[in-house]
Amino acid sequence: MSGESEVPMSGLPAVPMSGLSAVPMIGLPEVPMSGPRPFPPRVSAFTRPFWDALDQGRLMTTRCAGCATVGFPPRNLCRSCWGRELPWIPLAGRGTLYSFTRVHVAPGAFRGDTPYAIGIVDLADGPRLMCRMIGEVSTADLDGPVEMVVLRYEDGPLFGARVRTGASAPPGAPTDRTPA
Ligand SMILES: [Zn+2]
């Protein structure tokens, strides 16, 4: 092992990458969905990198270069320090289920999907997001591990989450939501 193989870090911002999840960067699992997306996202010049990455199985967001806040959805203005330099970073796509609800009466576009579950997920990388839950979910899954998935519709991707079966932590075990 030679130190020469290490990338010199001088000149780069002193933001430790270890602050992010150590889960290796692999493509998100894909879930085939029937038909087109019920409510396709508006894609802007700013959000296009997010949707392009999702199409390739990666979940991305922005992290403030000034204060290292990782937000979701991606932003070009930091809500924490108002910084305007927010480079794109990959998210590991794992987290824990903070809460969920089951939707029986949905807005028009989603009426054909009822009943379905919407979850609030605390990502291991920090941000909390809300998304469709795929598969079975119950109160027994609260605080348990979930993984983000790509919902592959005919006209493009959306993101969702599902409970990681077989990965349940024993009762009383600490979760990834340990405060920093
Ligand atoms: Zn900031």
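**View A. Strands E8 and E9 run antiparallel and are joined by eight bridges.** The model is a predicted one, in which local features need pLDDT of at least 70 and side-chain atom pairs count only at pLDDT 80 or more, while totals for chains, interfaces and linings use all residues. Residue numbers start from 1 along each chain as its sequence is written. Strand E9 covers residues 156–163, and strand E8 covers residues 145–153. Helices (H or I, at least four residues) and strands (E, at least two residues) are DSSP runs, numbered from the N terminus. Two strands are called paired if DSSP finds at least two bridges between them. Val146 of E8 has Val163 of E9 as its bridge partner. The link from E8 to E9 is a hairpin of two residues.

**View B. Strand E8 also pairs with E1 and with E5.** E1 (residues 30–32) lies parallel to E8, with three bridges between them. In this pairing Val31 is matched with Leu151 of E8. E5 (residues 94–103) likewise has three bridges to E8, but in the antiparallel sense. Arg94 is placed opposite Glu147 of E8. Strands of a sheet pair through backbone hydrogen bonds, in either the parallel or the antiparallel sense.

**View C. Strands E3, E2 and E4 form an open sheet in that order.** The pairing in this sheet is antiparallel. E3 (70–71) and E4 (88–91) are the edge strands, and each has a single partner strand, so one side of each lacks a neighbour in the sheet. E2 (residues 59–63) is connected to E3 by two bridges and runs antiparallel to it. Thr62 is found opposite Gly71 of E3.

**View D. The largest nonpolar core contains 23 residues.** Val121, Met133, Val149 and Ala161 have the most contacts inside this core. A nonpolar core is a set of buried Ala, Val, Leu, Ile, Met, Phe, Trp, Tyr and Cys residues joined through C-beta atoms within 7 Å. A residue counts as buried if 20 or more other C-beta atoms lie within 10 Å of its own, as exposed if 12 or fewer do, and as partly exposed in between, with C-beta atoms placed from the backbone. At least two core residues come from each of helix H1 (48–55), E5, E6 (116–123), E7 (128–134), E8 and E9. E8 gives the largest share, five residues. In soluble globular proteins, nonpolar side chains tend to be buried together.

**View E. The surroundings of Ala161 include residues of several segments of the sequence, among them Gly119, Cys131 and Val146.** Leaving out residues up to four places away in sequence, Ala161 touches Gly119, Val121, Cys131, Met133, Val146, Glu147, Met148 and Val149. Two residues are in contact if their C-beta atoms, placed from the backbone, lie within 7 Å.

**View F. Two peptide bonds that precede a proline, at Pro73 and at Pro115, are cis.** From Phe72 to Pro73, omega is near 5 degrees, and Pro73 sits in the loop between E3 and E4. From Thr114 to Pro115, omega is near -10 degrees, and Pro115 belongs to the loop between E5 and E6.

**View G. Ala68 and Asp143 have positive phi although neither is a glycine.** Ala68 has a phi of about 70 degrees and is located in the loop between E2 and E3. Asp143 has a phi of about 70 degrees and is located in the loop between E7 and E8. Ala68 is partly exposed, with 18 other C-beta atoms within 10 Å. For Asp143 the count is 18 other C-beta atoms within 10 Å, and it is partly exposed. Most residues other than glycine have a negative phi, and most peptide bonds are trans.

**View H. The whole chain has one helix and nine strands.** Along the sequence these elements follow the pattern β-α-β-β-β-β-β-β-β-β. Of the 180 residues, 22% count as buried. Of the contacts between residues at least 6 apart in sequence, 58% join residues at least 24 apart. Mean pLDDT, the predictor's confidence in each residue from 0 to 100, is 85 for the chain, with 78% of residues at 70 or more. Over residues 1–24 pLDDT stays under 50, and the model has 11 contacts beyond four places in sequence for them. Over residues 176–180 pLDDT also stays under 50, with six such contacts beyond four places in sequence.
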